[in-house]
Amino acid sequence: MLESCRNAQERWGGVHLLIDRWLQERHELINAFDQLRVENSDDARKALVRFCELLLDYVSAGHFEIYEQLIGEAEAFGDERGIELARQIYPRIQVITEVALAFNDRCDQGDCLNSPGLEGELQRLGQLLQERFELEDCLIEVLHNAHQQQPVATA
């Protein structure tokens with residue numbers, strides 16, 4: 001039993017660090033979003049390019065690192081409730097990701113600064129990111145924090 005607990009710590013201790021790094025990236029993304037100004041200047045263009053870089057990094061880390069690790073952890077702990085919750089939440093996160101990627105594709109060079117409706121688009125993106133952060137926090141709570149003191153399920 002102690003060996004399985006030790007193995008769990010070795011296996012999932014890194015998940016905690018990964019999540020911490022990801023949440024730091026979220027903080028940087030929020031700061032970059034707050035610095036955006038919808039006006040045509042070199043500073044505005046640089047701020048928009050930086051925001052797009054952080055946005056792409058953040059959503060990519062979620063899909064290609066964090067979610068996979070969280071699901072793997074839930075499976076290792078035999079957490080069917082958590083896995084089901086992830087199945088319910090993930091499609092909404094995917095929709096938000098598609099909106100974020102489309103924004104990035106259009107604005108990653110800062111060329112969309114003169115686009116009509118950019119301010120409204122940024123406002124909508126901000127609302128969707130806030131929703132995504134809440135969904136992600138729910139996943140972290142259910143799929144990671146709930147397992148921190150539990151032994152790994154054995155088959």
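Let me start with a crossing: α2 and α4 cross in a left-handed sense. This is a predicted model, so keep that in mind throughout. The angle between α2, residues 42-76, and α4, residues 118-143, is about 25°. Their axes lie 11 Å apart. Angles under 35 degrees count as roughly parallel, and α2 is therefore roughly parallel to α4.

Who makes that contact? On the α2 side, the list includes Phe51, Leu55, Tyr58, Val59, His63 and Tyr67. On the α4 side, it includes Leu125, Leu129, Arg132, Phe133 and Glu136. By class, the α2 and α4 contact has 14 nonpolar residues, two polar and three charged.

Now step back to the whole chain. The chain has four helices and zero strands. Read from the N terminus, the order is α-α-α-α. There are 155 residues, and 41% of them count as buried. The accessible surface is about 9,000 Å². Carbon and sulfur atoms hold 50% of that surface. Then sequence separation. Take the contacts with a separation of 6 or more: 86% of them join residues 24 or more positions apart.

Next pair: α2 with α3. Helix α3 covers residues 80-107. The packing angle here is about 160°, and the axes are 10 Å apart. Over 145 degrees counts as roughly antiparallel, so α2 and α3 are roughly antiparallel to each other. The crossing of α2 with α3 is left-handed. From α2, the contact draws on residues including Leu48, Phe51, Cys52, Leu55, Leu56 and His63. From α3, the partners include Ile83, Ala86, Tyr90, Ile93, Gln94, Thr97 and Phe103. The class split for α2 with α3 is 17 nonpolar, four polar and one charged.

Third pair: α3 with α4. Their axes come within 9 Å and cross at roughly 155°. That makes α3 and α4 roughly antiparallel to each other, by the over-145 rule. The handedness of the α3 and α4 crossing is left-handed. The contact of α3 with α4 counts 19 nonpolar residues, two polar and eight charged.

Two residues deserve a closer look. Leu55 is up first.

Leu55 sits in helix α2. Is Leu55 buried or exposed? Its relative accessibility is 0%, so Leu55 counts as buried. Setting aside residues up to four places away in sequence, Leu55 touches Leu29, Ala100, Phe103, Leu125 and Leu129. Look at Phe103 in particular. Leu55 and Phe103 are 48 residues apart in sequence. In space, their C-alpha atoms are 9.5 Å apart. Leu55 also appears in the α2 contact with α4, and again in the α2 contact with α3.

His63 is the second one. His63 is also part of helix α2. How accessible is His63? The relative accessibility is 15%, and the cut-off for buried is under 20%. So His63 counts as buried. Which residues does His63 meet, beyond neighbours within four places in sequence? They are Tyr90, Ile93, Gln94, Thr97 and Arg132. Tyr90 is 27 residues away from His63 along the chain. The C-alpha separation of His63 and Tyr90 is 9.7 Å. His63 is listed in the α2 contact with α4, and in the α2 contact with α3.

That is the tour: three helix pairs, then two residues of α2.

Methods:
Residues numbered from 1 in each chain as written. Predicted model: local features only at pLDDT ≥ 70, side-chain atom pairs only at ≥ 80, totals over all residues. Heavy atoms only, no water. Axes fitted to C-alpha atoms, helices over the stretch in contact; angles between N-to-C directions. Parallel < 35°, antiparallel > 145°, perpendicular 65-115°, else oblique. Left-handed = near helix turned anticlockwise from the far one by under 90°. Contact = heavy atoms within 4.5 Å. Nonpolar A, V, L, I, M, F, W, Y, C, P; charged D, E, K, R; others polar. Buried < 20%, exposed > 50% of the residue type's maximum accessible area, 1.4 Å probe, protein only. Areas by Shrake-Rupley, 256 points an atom, 1.4 Å probe, with all protein chains shown as cover.
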